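Please read the following briefing alongside the sequence and the coordinates. It is arranged by topic, and it begins with helix packing before turning to the sheet, charged pairs and backbone angles.

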Amino acid sequence: MRLVKRLAMGIGVMLALIVAAGVVLMIWKPWVLPVEMTEPGATGRRLTIAGQPANYFPANGTGLQAAVLLLGGSEGGLGKSATKMARALQAQGYSVLQLSYFRAPGQRKALAGIPIEGFDAGLAWLSHQPGVDFGRIAIMGGSKGAEAALLVASRHPELKAVVAGMPSSVVWPGFSWEMERVDGSSWTIGGRDVPMLPFGQGSFREGISSVYVNGLKLLPAHREAAIAIERSPAPVLLICGESDTLWPSCLMARQLKTRDPRVTILAYKDAGHAVFGVPLPKNDPSPPPLSRLGGSVDGNNAARRDGWPKILAFLDRALRATP
């Protein structure tokens with residue numbers, strides 16, 4: 001009898017600890033990425049476009065220059081990684097608008113129901129800036145920003161180039177870092193949800209990517225969720241990591257190429273969801289966790305060292321001034 005009581009007490013204590021740990025986790029929420037509102041620095045300026053915070057990095061030099069609308073990923077705000085890309089593009093002679101579409105102060109906390117018209121406003125603002133050639137504008141994004149960039153490109157035939165890192169071939173449902181219930185699509189047009197592909201069955205063993213991998217199996221029943229990149233006359237460059245553990249970016253890149261054979265893919269075997277961006281110097285004092293979402297640190301940075309010059313060359317070809 002005493003043994004049974006001791007076992008019951010032990011089980012009770014264990015359950016109490018589990019519940020307490022769960023409460024601590026729900027309060028602390030270590031999975032929530034911090035919102036970064038990186039300052040533009042001396043070569044840029046902070047502004048607001050249609051209620052959206054942005055950093056603008058105008059090109060140096062005289063005459064009309066090409067421009068890029070740059071979108072970060074599901075971290076939201078104005079992240080350091082995207083700001084670093086913006087400055088690197090500015091150094092190459094491009095005017096760059098880094099636009100926040102959620103999680104910044106005054107914006108939605110969940111990536112759900114984000115109006116595509118906000119990106120339209122960003123493109124319109126950029127095309128009217130002094131020194132910007134409105135006939136030579138590209139759009140670039142990573143992860144959920146790539147999903148948005150490809151969707152925007154399918155609606156804007158005037159764009160001259162599209163660069164998408166860790167891309168999606170479909171529109172996915174919205175989500176919240178705070179684990180709050182979210183209904184509907186990530187994006188809206190005219191106040192209505194953009195058709196989306198439902199998440200698939202998740203697997204604890206396979207991780208978060210399983211909801212996307214299994215979701216893609218449902219695509220034949222939800223073809224309206226596919227991003228119609230073939231509607232864009234612009235050349236498209238996709239960058240992906242074969243070891244991406246967040247979502248199957250290379251699989252979705254190949255689905256996009258199936259829709260439009262003109263698409264170019266840079267795929268890297270030992271890279272994951274950090275495949276896209278400016279390469280890090282070996283002596284970087286505070287390197288981001290490049291291997292956190294697949295691939296190795298060296299593999300992700302090697303992919304960046306190979307991919308970034310190719311991105312610049314792609315933009316140069318697509319946005320080169322015509323007589």
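In this predicted model, the buried residues of helix α5 pack against helix α6, which spans residues 249-259. Seven of the eight residues of α5, which covers residues 209-216, are buried, and the helix is therefore largely enclosed by the rest of the structure.

**Helices and their surroundings**

- The buried residues of α5 are Ser209, Ser210, Val211, Tyr212, Asn214, Gly215 and Leu216, and the element that these buried residues pack against is α6.
- Helix α4 lies across the strands β3, β6, β7 and β10, and the angle at which α4 runs to β6 is about 140 degrees.

**The sheet**

- Eight strands make up an open sheet with mixed pairing, and their order is β1-β2-β4-β3-β6-β7-β10-β11.
- The edges of this sheet are taken by β1 (45-49) and β11 (264-268), each of which has a single partner strand, so that one side of each is left without a neighbour in the sheet.
- From one strand to the next, the twist averages 20 degrees.
- Within the sheet, strand β3 (residues 65-71) pairs with strand β4 (residues 95-99) in the parallel sense over five bridges, and Val68 has Val96 in β4 as its bridge partner.

**Salt bridges**

- The structure holds eleven salt bridges, including the one between Arg136 and Asp133, in which the closest N and O atoms are 2.9 Å apart.
- Both Arg136 and Asp133 are buried, whereas Arg205, which forms a salt bridge with Glu206 at 3.6 Å between the closest N and O atoms, counts as exposed because its relative accessibility is 74%.
- Glu206, the partner of Arg205, has a relative accessible area of 42% and is therefore partly exposed.
- The side chains of Arg254 and Glu242 also meet in a salt bridge, with an N to O distance of 2.4 Å.
- Arg254 lies in helix α6, while Glu242 lies in the loop between β10 (236-241) and α6, so this pair ties together parts that are twelve residues apart in sequence.
- Arg254 counts as partly exposed at 40% relative accessibility, and Glu242 is likewise partly exposed, with a relative accessible area of 38%.
- As general background to such pairs, side chains of opposite charge can pair when their charged atoms come close.

**Positive phi outside glycine**

- Ser143 has a phi near 60 degrees, which is a positive value in a residue other than glycine, and Ser143 is located in the loop between β6 (132-142) and α4 (144-153).
- With a relative accessible area of 5%, Ser143 is buried, because this value falls under the 20% cut-off.
- Met166 is not a glycine, yet Met166 has a positive phi of about 50 degrees, and the loop in which Met166 is found runs between β7 (161-165) and β8 (187-189).
- Met166 counts as buried at 6% relative accessibility, so that a reader examining the positive phi of Met166 is looking at a buried residue.

Methods
Residues are numbered from 1 along each chain as its sequence is written. This is a predicted model: local features need pLDDT of at least 70, side-chain atom pairs count only at pLDDT 80 or more; totals for chains, interfaces and linings use all residues. Side-chain values use heavy atoms; hydrogens and water are left out. Buried means under 20% relative accessible area, exposed over 50%, partly exposed in between (1.4 Å probe, protein chains only). Helices (H or I, at least four residues) and strands (E, at least two) are DSSP runs, numbered from the N terminus. Contact means heavy atoms within 4.5 Å. A salt bridge is a side-chain nitrogen of Lys or Arg within 4 Å of a carboxyl oxygen of Asp or Glu. Two strands pair if DSSP finds at least two bridges between them. Axes are lines fitted to C-alpha atoms, for helices over the stretch in contact, and angles run from 0 to 180 degrees between N-to-C directions.
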